[in-house]
Amino acid sequence: MSFRTLISYVLWPLTMWYAVCVKVRNILYALGLKRQETPHITTIGVGNLCTGGSGKTPHVEYLLRLLASHYDTALLSRGYKRKSKGFVLDDGTHSAPLIGDEPAMIARKFPNVRVAVCEKRVEGVRRLMALERVEHQGDEEVRISMAPHLIVLDDVYQHRAIKPSINILLTEYGHPFYKDHILPYGDLREFKSARHRANIVIVTKCPAQLNPVERHNIVSDLRLLSYQKVFFSYLKYCPLQTLYGKPADVDQHHVGNILCVTGIAHPDPMLAELKRRGKVHHLSFDDHHDFTPRDIARIRDAFAALPGSNNIIVTTEKDAIRLQGLADDLPIYVLPVEVAFHKENDKDFDALIEASVRENYSFLGKLSIWS
């Protein structure tokens, strides 16, 4: 008997109880006994069925790059592992402990996007829609709405209390949901049938060159409905930056060893990229890990133990947010990552999103006029 099989037997009772709870919850939503709200604003939900590692953050950033220059855009996130509570709107000075590492990173990279965090997404959307500023016109105070035109909802797939205008489901090429199992035996947060709530499914972290036959087989295994669109994306790594997001002055052709420090769920694609650039030593921490002085000491010791000279430390953008101010004297560089989509003759992700947002925005605008 394999270890995996043994674990499945041990965890089977917990898996059954968890599955029953998820099933009952979804039935209550289906019957309307639990309320689901559709905001009077264009919303794009991005999420997955598994517990993490599918690449939500770079896909959220892709959407922001695509849309934020055309629409007044906000990002609403839970703010995982933040130390604050309730609704918090970033003012450009909030740190990772206050709003979470991913929102803090996005707020720094997209100053034209309003970044907010709130555990309850419905409340968060309402607070964003209620934003206003006060102007004095003579003796009168005039309140002017500052509500965004578009809200991107990060990690919202299991938050059924809100129904996005466009629901995007991510699944990782190397760990697709159809090969996984429900918690705690597997990594799925709900049943595979939940895929049918998505308008768009993106298979993430694919190879840069994807065989058409393999693409066809993946689409078949996804077992989607006719109205659901499927796209394939891959990660595109950018030049190294400093810990604070500035261009790095480092000659990678003369780098000796690379100490890769990660606090993400699935670092394999990043490690594969770095191995093409040099000899890599990996120091791994848990996803969203809060670095302590003891952790910094581990990093220092691991770096000091590297053979030779001209060695560097490379980390992710998300980890860099949590490392700032803790080890600024070390040669730590950041490897930024962006998303790119495989092109197909009859499918274009950008065109579909832009058309869907434009249509929904126009429809909501007409409703406002008629009301």
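## Salt bridges and a nonpolar patch

Between α1 (3–30) and β1 (42–48) runs a loop, and Leu 33 lies in it. This is a predicted model, so please read what follows as a tour of computed features. Leu 33 is a handy place to start, as Leu 33 helps make a nonpolar surface patch. From there we turn to the charged side chains, where the count comes to 21 salt bridges.

**The nonpolar patch**

- Three residues, Ile 27, Leu 31 and Leu 33, make a nonpolar patch of about 330 Å² on the surface.
- Leu 33 counts as exposed because its relative accessibility is 61%, and the cut-off for exposed is over 50%.

**A bridge between two loops**

- Glu 119 and Arg 82 meet through their side chains in a salt bridge, at 3.1 Å from N to O.
- Glu 119 sits in the loop between β4 (114–117) and α5 (121–129), and Arg 82 in the loop between β2 (73–77) and β3 (88–89), so this pair ties together parts that are 37 residues apart in sequence.
- The partners fall into separate accessibility classes: Glu 119 counts as partly exposed at 34% relative accessibility, whereas Arg 82 is buried, with a relative accessible area of 10%.

**A bridge between two helices**

- The side chains of Lys 318 and Glu 102 also form a salt bridge, with 3.5 Å from N to O.
- Lys 318 belongs to helix α9 (residues 317–323) and Glu 102 to helix α4 (residues 101–109), so the pair links parts that lie 216 residues apart in sequence.
- Lys 318 counts as buried because its relative accessibility is 11%, and Glu 102 counts as buried because its value is 13%; the cut-off for buried is under 20%.

**A bridge within helix α9**

- Asp 319 pairs with Arg 322 in a salt bridge, and their closest N and O atoms are 2.8 Å apart.
- Both residues, Asp 319 and Arg 322, lie in helix α9, three residues apart, which is about one turn of the helix.
- Asp 319 is buried, with a relative accessible area of 0%, and Arg 322 counts as buried at 10% relative accessibility.

**A salt-bridge network**

- Salt bridges also link Glu 61, Arg 65, Lys 109, Glu 317 and Glu 338 into a network.

Methods
Residues are numbered from 1 along each chain as its sequence is written. This is a predicted model: local features need pLDDT of at least 70, side-chain atom pairs count only at pLDDT 80 or more; totals for chains, interfaces and linings use all residues. Side-chain values use heavy atoms; hydrogens and water are left out. Patches are made of residues with over 30% relative accessible area and no salt bridge: like charges are joined within 9 Å, nonpolar side chains (Val, Leu, Ile, Met, Phe, Trp, Tyr) within 5 Å. Accessible areas come from the Shrake-Rupley method with a 1.4 Å probe; for residues, only the protein chains shown count as cover. A salt bridge is a side-chain nitrogen of Lys or Arg within 4 Å of a carboxyl oxygen of Asp or Glu. Helices (H or I, at least four residues) and strands (E, at least two) are DSSP runs, numbered from the N terminus. Buried means under 20% relative accessible area, exposed over 50%, partly exposed in between (1.4 Å probe, protein chains only).
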